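Let's take a walk through a protein fold together. Keep the picture open beside the text, and look for each part as it comes up.

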Amino acid sequence: MKEIPYILSVQHIRKEYSGNEQTLALEDVTFQVKRGELVAIVGPSGCGKTTLLKTIAGLLTPTEGMVLIENRKIEGPEKDIVLVFQEYNRSLLPWRTVLKNVEFALEVNSYPSSEKKVKVEKYIEMVGLRGFEKYYPWQLSGGMQQRVAIARALAYGPKILLMDEPFGSLDARMREELEDELLRLWEELGITIVFVTHDLDEAIYVCDRLLVLSERPAIVLEDIPINLKRPRNQLATRSDPTFIEYRNKAYKLFKQKSLENQKT
């Protein structure tokens, strides 16, 4: 059987919201993601990045266009895709312990109790929370809470992990620590990740490819392959002249498009 070249295909997505006034969030967004890739998406605040992720996950229906996973059209909430939001403290269940929060991902499937326990413990350990199984979310730091959210998402066993500015509310040190933790997990599990962030440096640091979106209504301004050696290192990678070239290229795209919009 011929292997499908792309696990995810986003084809001419247009998303318009109707209300007192019609709002066009996405104008024409097209891109593909290969199996096992880590693709980062950046764009100005309010350009429609979250709308795009929700559409890929099947939580929103596009006005035009379609999203395919393994050549199958997504027509509703997709079981093979999990979306991790920035507001991890709202997604965790405060009355459940760390263990029970992660276990929640398995309750939709009929796993035997013994298998469920092994699976939950595996992902708790993978995100560095062994020993915190009986803690409640409110007893943990923000970074630890986000680790719980990531462990729960991974325990579900998705083919694609979508992340919507997952480290945006954390301090700089914790943010860098979780960036490296994410890369470790990605390399270990071989999972496909689409990572949205407003931080250009963060996007370049983690990804294989960088998709630069325009201001709303969004289009893809450019799809930039990021050829920085792995494993990445917070000091060495960010000081690499090639890293700086990528950042300058993406920044100029933002600036140029913004000036064009001001003239029209």
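## The largest pocket

The largest pocket holds about 480 Å³ of space. Keep in mind that you are looking at a predicted model. The idea behind finding such a space is simple: rolling a probe the size of a water molecule over the atoms shows where empty space is left.

Which residues sit closest to the centre of this pocket? Of the 21 residues in the lining, they are Ile-81, Val-82, Leu-83, Arg-152 and Ala-153. Strand S6 (81-84), helix H2 (88-91) and helix H5 (142-155) each give at least two residues to the lining. Sorted by class, the lining has 16 nonpolar residues, two polar ones and three charged ones.

## The sheet and its edges

Now step back and find the sheet. Ten strands build an open sheet with mixed pairing, and their order is S5-S4-S1-S2-S10-S9-S3-S8-S7-S6. Strand S5 (72-73) and S6 are the edge strands, each of them pairing on one side only. In general, strands of a sheet pair through backbone hydrogen bonds, either parallel or antiparallel.

## The S6 side

Let's begin at the edge that also helps to line the pocket. S6 runs parallel to strand S7 (residues 160-164), and four bridges join the two. If you look for Leu-83 in S6, you will find Leu-162 of S7 standing opposite.

Helices pack on the sheet here as well. H5 touches S6 and S7, and the direction of H5 makes about 175 degrees with that of S6. Helix H6 (residues 172-189) also packs on the sheet, where it touches strand S3 (38-42), S7 and strand S8 (192-196). The direction of H6 makes about 160 degrees with that of S8.

## The S5 side

Next, move to the other edge strand and its neighbours. Strand S1 (residues 8-17) and strand S2 (residues 23-33) run antiparallel, joined by seven bridges. One pair to look for is Val-10 with its bridge partner Phe-31 in S2.

S1 also pairs with strand S4 (residues 64-69), in the antiparallel sense and over five bridges. Two residue pairs help you to follow this match: Arg-14 has Glu-64 of S4 as its bridge partner, and Ser-9 stands opposite Leu-68 in S4. Leu-68 has a bridge partner in S5 too, namely Lys-73. S4 and S5 pair in the antiparallel sense over two bridges.

## A mostly covered helix

How many of the eight residues of helix H1 (residues 49-56) are buried? Six of them are, which leaves this helix mostly covered. The buried ones are Lys-49, Thr-51, Leu-52, Leu-53, Thr-55 and Ile-56.

To read a list like that, one general point helps: an α-helix has 3.6 residues a turn, so residues three or four places apart point the same way. Just after H1 comes Gly-58, with a positive phi of about 85 degrees.

## Two glutamates with positive phi

Where does Glu-70 lie? You will find Glu-70 in the loop between S4 and S5. The hairpin of these strands has two residues between them. Phi of Glu-70 is near 50 degrees, a positive value in a residue other than glycine. Glu-70 is partly exposed, because its relative accessible area is 22%.

Glu-165 lies in the loop between S7 and H6. Phi of Glu-165 is near 45 degrees, again a positive value in a residue other than glycine. Is Glu-165 buried or exposed? With a relative accessible area of 15%, Glu-165 is buried, since buried means under 20%.

## Two cis peptide bonds

Last, look for two prolines in loops. The peptide bond from Arg-216 to Pro-217 is cis, with omega near -5 degrees. Pro-217 has its place in the loop between strand S9 (209-213) and strand S10 (218-225).

The peptide bond from Arg-230 to Pro-231 is cis as well, and omega is near 0 degrees there. Pro-231 belongs to the loop between S10 and helix H8 (234-239).

Terms used:
Residues numbered from 1 in each chain as written. Predicted model: local features only at pLDDT ≥ 70, side-chain atom pairs only at ≥ 80, totals over all residues. Heavy atoms only, no water. 1 Å grid on protein atoms, 1.4 Å probe; cavity = no way out; pocket = protein on both sides within 12 Å on 5 of 7 lines; lining within 4 Å. Points joined across faces, edges and corners; volume = space filled by probe spheres on them. Nonpolar A, V, L, I, M, F, W, Y, C, P; charged D, E, K, R; others polar. Pairing = 2+ DSSP bridges. Contact = heavy atoms within 4.5 Å. Axes fitted to C-alpha atoms, helices over the stretch in contact; angles between N-to-C directions. Buried < 20%, exposed > 50% of the residue type's maximum accessible area, 1.4 Å probe, protein only.
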